[in-house]
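Student: Could we walk through this one together, starting with the pocket and then the cysteines?

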Amino acid sequence: MCGIVGYVGRRQAAPILLEGLSKLEYRGYDSAGICVNGDTPLQICKEKGRLRELVARTDNGAAVPGTVGIGHTRWATHGVPSDVNSHPILSDGGKIAVVHNGIIENEAKLRQILIGHGIHFQSQTDTEVVANLIAWYYDQCGDFLTAVRQTVGQITGSYALGILCRDYPDTMIAVKKDSPLIFGYGNGENFIASDVTAILKETRTVSYLDDGEMVMFRADSAAFFSPEGTPVEKKRETITWELAAAERGGYDHFMLKEIFEQPKALRDTIFPRIRDGQVVLDGVELTPEYLKSLRKIYLVACGSAYYVSMLAKYTIEKHCRIPSEAMMASEFRYCEPVLDGRDLVIIISQSGETADTLAALREAKRLGARTLAIVNVVGSAIAKAADSVIYTWAGPEIAVATTKAFSTQLAVVYLLTLHMGKALGTISDAEYASWISGLETLPDAVSGMLTDVHLQQIREFAARYSDRRDAFFIGRNLDSAICQEGSLKLKEVAYLHSEAYPAGELKHGPISLIEDGTMVVSVASGRKLFEKTLANIREVKARGADVLCVTLEDFAEEVAQQADGVITVPEVFPALQPSLTLIPLQLLSYYMACSRGCDVDKPRNLAKSVTVE
Ligand code: F6R
């Protein structure tokens with residue numbers, strides 16, 4: 001979603017802002033802009049469309065002098081994508097400039113009050129209310145910091161704000177609530193950003209602002225304040241990952257690069273947590289007594305992370321014998337769940353910022369449940385708010401469609417299941433040892449799925465089916481959950497209408513949609529249920545479907561008699577099988593998207609981090 005970058009220093013601000021914004025493009029946006037406070041006060045360049053247009057118009061920033069500035073990529077919420085709705089937004093009269101991520105919930109009321117004061121609005125954005133309110137307070141009190149404080153006291157909702165004032169040409173103020181904001185320390189210069197990738201080229205030393213915190217800074221100084229306005233010392237953290245991790249490095253797309261990074265991401269997530277043949281989850285206390293006292297586990301997330309929750313439900317329930325339920329965060333938060341201290345809520349999120357997931361976590365805490373987060377982004381809101389965190393060490397994920405974060409979330413689910421099953425005595429020693437050796441070899445097994453031969457085979461299938469309008473994914477049990485993920489991938493990156501159904505459910509309605517040439521992707525990797533899924537494949541074949549089946553090598557011959565195409569995956573410890581059946585589905589979506597000429601890394605209408613409801 002929207003991205004923010006800000007700079008105060010001695011170098012020309014505009015090129016730094018544009019470079020920072022280019023690193024935020026992956027989040028999804030529809031317009032971009034910068035505002036620089038220089039000899040020309042609060043000079044704004046912004047427009048609807050791609051950042052490259054802004055770069056060309058400003059000669060890569062060279063045409064905009066000044067050493068203090070804010071930049072923004074906007075993903076429209078209030079008001080259509082347009083030049084006037086793009087950020088930065090100026091106050092009426094042009095004294096204040098603001099970039100904003102989030103949503104101001106009481107904007108309509110505040111807008112009316114400000115209109116009553118004779119203030120004129122140009123845009124449809126909620127951000128303009130913030131700019132005008134600061135300017136109004138500033139006119140009353142004559143002090144920039146006080147005016148921002150008073151404004152923050154009036155607005156409700158979520159926000160990360162970067163603010164400039166015409167009368168303070170060397171100063172910036174930033175404040176946040178429920179939307180990420182990072183402060184970066186340079187040498188004689190300072191930065192803000194909504195995402196560390198925007199400033200990583202400039203600095204590795206950062207502080208994460210907490211909710212309600214504010215910073216007022218110049219090139220050589222920064223003063224942080226608590227929500228109550230008292231000065232605070234912020235802990236400085238060092239970013240350890242390399243910028244190369246957030247660059248394409250020779251791949252055509254980030255999505256393909258991240259698919260290929262999965263073996264490493266799995267190693268980084270799994271290996272440090274297996275010591276002397278035992279799962280060790282540092283900082284996560286799940287004693288046998290606590291686990292035995294548990295009434296229920298909820299697994300709560302959005303999108304792909306929700307499908308990890310579905311896989312976790314099957315896995316935890318089967319191996320730990322604890323009733324478990326996967327829920328979409330957007331539903332969970334409003335369904336009045338029956339929760340108290342006897343329940344554990346596991347929250348899964350790559351970004352750690354997804355608005356619905358964060359709200360679900362807060363609701364779970366409010367009701368007294370214990371919360372455990374599985375998160376990729378260190379220091380994110382969900383990581384901070386949960387009672388305990390297990391990080392997925394996937395590294396920065398840039399493509400909008402998740403791949404390696406999904407794989408590592410699943411890996412954490414396996415580790416957690418093993419840990420809990422052992423504590424509860426529901427996993428035998430022999431079974432435990434098989435899981436562990438399966439986990440230790442899982443990254444290599446995934447590597448084995450990324451050979452040229454496999455890629456070529458899937459590319460051919462993708463080309464063959466790229467003209468299809470509809471697709472159905474069918475499977476049972478773990479295969480059914482992985483089908484959900486495969487189907488979501490296909491619709492989001494290849495813009496193909498696609499639905500996933502548990503194979504047994506097909507006859508209860510959706511089979512009426514199967515006709516000549518309908519594409520059906522089936523996943524049949526579970527030994528116990530193989531015959532049943534095969535029967536479902538026969539049913540759709542009989543109605544004219546073109547069937548592609550992902551299955552175990554042992555079943556390939558039998559499947560080939562029914563399906564039009566067979567992709568085999570090596571057999572691993574059964575609970576880990578989804579990590580392998582996933583890979584061809586990711587590649588199928590990727591190559592379908594390429595064949596159909598789609599913008600793979602930035603699919604239309606989608607954003608990487610969904611920070612609004
Ligand atoms: C799909 C995808 C999304 C995310 C969802 C949750 O490829 O990436 O469905 O999984 O928006 O995001 P996080 O995990 O950041 O909470």
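**Ligand and cysteines**

Tutor: An oxygen atom of the ligand sits 2.6 Å from an N or O atom in the side chain of serine 349, a polar contact, meaning a pair of N or O atoms within 3.5 Å. Before we go on: this is a predicted model, where local features need pLDDT of at least 70, side-chain atom pairs count only at pLDDT 80 or more, and totals for chains, interfaces and linings use all residues. Residues are numbered from 1 along each chain as its sequence is written, and side-chain values use heavy atoms, with hydrogens and water left out.

Student: How far from an oxygen atom of the ligand is the polar side-chain atom of serine 351?

Tutor: Serine 304 uses a backbone N or O atom, 3.1 Å from a ligand oxygen. Serine 351 brings a polar side-chain atom instead, and its distance to an oxygen atom of the ligand is 2.7 Å.

Student: Which helices each supply at least two residues of the shell around the ligand?

Tutor: Helices here are DSSP runs of H or I, at least four residues, numbered from the N terminus. Two of them fit your question: α9 (303-320) and α16 (478-494).

Student: Is cysteine 483 buried or exposed?

Tutor: Cysteine 483 is in no disulfide (two cysteine sulfur atoms within 2.5 Å), and the nearest cysteine sulfur, that of cysteine 549, is 9.3 Å away. Buried means under 20% relative accessible area, exposed over 50%, partly exposed in between, with a 1.4 Å probe and protein chains only. Because its relative accessibility is 0%, cysteine 483 counts as buried.

Note on methods. A polar contact is a pair of N or O atoms within 3.5 Å; within protein, one must be able to donate a hydrogen and the other to accept it, and residues adjacent in sequence count only if both atoms are side-chain atoms.
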